[in-house]
Amino acid sequence: DRPLELVDLRLLSSSFDFNVSLWEADAETEVWSVETNLGAMVGNKHAFFGAMFLGSLDQILAYTYGGAMHQWKKNK
């Protein structure tokens, strides 16, 4: 097993501005930046209240303050 490095990590955030963001860290500067935004959907009237990875980084489940659930799956 090799030690976990910063470039191996991802951060998932959900927010009340209708976005679910996947963050990555730059290995040299250790600065986190948004890799992709998943939220910002047309017609989504509820802020995202939480998000989680489903098993791996390939699937994300997020839920809104109003109780709706949204799922994304990475295309290979």
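Author: Let's start with a term: two strands count as paired once DSSP finds at least two bridges between them. Keep in mind that this is a predicted model.

Reader: Okay, so in which sense do β1 and β2 pair here, and over how many bridges?

Author: β1 (residues 10-14) pairs with β2 in the antiparallel sense, over five bridges. At one spot, Ser14 stands opposite Val20 in β2.

Reader: And the hairpin: how many residues sit between the strands, and which residue takes a positive phi?

Author: Five residues lie between β1 and β2 in that hairpin, and Phe18 takes the positive phi, near 70°.

Reader: Now Ser21. Where is it found, and is it buried or exposed?

Author: In general, side chains in a regular strand alternate between the two faces of the sheet. Ser21 belongs to strand β2, residues 20-25. Burial means under 20% relative accessibility; Ser21 counts as buried because its value is 7%.

Reader: What does the Ser21 side chain make a polar contact with?

Author: Its partner is the side chain of Asn37, at 2.5 Å. Leaving out residues up to four places away in sequence, Ser21 touches Leu11, Leu12, Ser13, Val34, Thr36 and Asn37.

Reader: Let's do pockets. How much space lies in the largest pocket, and which strands each supply at least two lining residues?

Author: About 240 Å³ lies in the largest pocket. β3 (32-37), β5 (59-64) and β6 (69-73) each give at least two residues to the lining. Among the lining residues are Arg10, Leu22, Thr36, Asp58 and Trp72.

Reader: How does that lining split by class?

Author: Five nonpolar, two polar and five charged residues.

Technical notes. Residues numbered from 1 in each chain as written. Predicted model: local features only at pLDDT ≥ 70, side-chain atom pairs only at ≥ 80, totals over all residues. Heavy atoms only, no water. Helix = DSSP H or I, 4+ residues; strand = E, 2+ residues; numbered from the N terminus. Buried < 20%, exposed > 50% of the residue type's maximum accessible area, 1.4 Å probe, protein only. Polar contact = N/O pair within 3.5 Å; in protein donor to acceptor, adjacent residues only side chain to side chain. Contact = heavy atoms within 4.5 Å. 1 Å grid on protein atoms, 1.4 Å probe; cavity = no way out; pocket = protein on both sides within 12 Å on 5 of 7 lines; lining within 4 Å. Points joined across faces, edges and corners; volume = space filled by probe spheres on them. Nonpolar A, V, L, I, M, F, W, Y, C, P; charged D, E, K, R; others polar.
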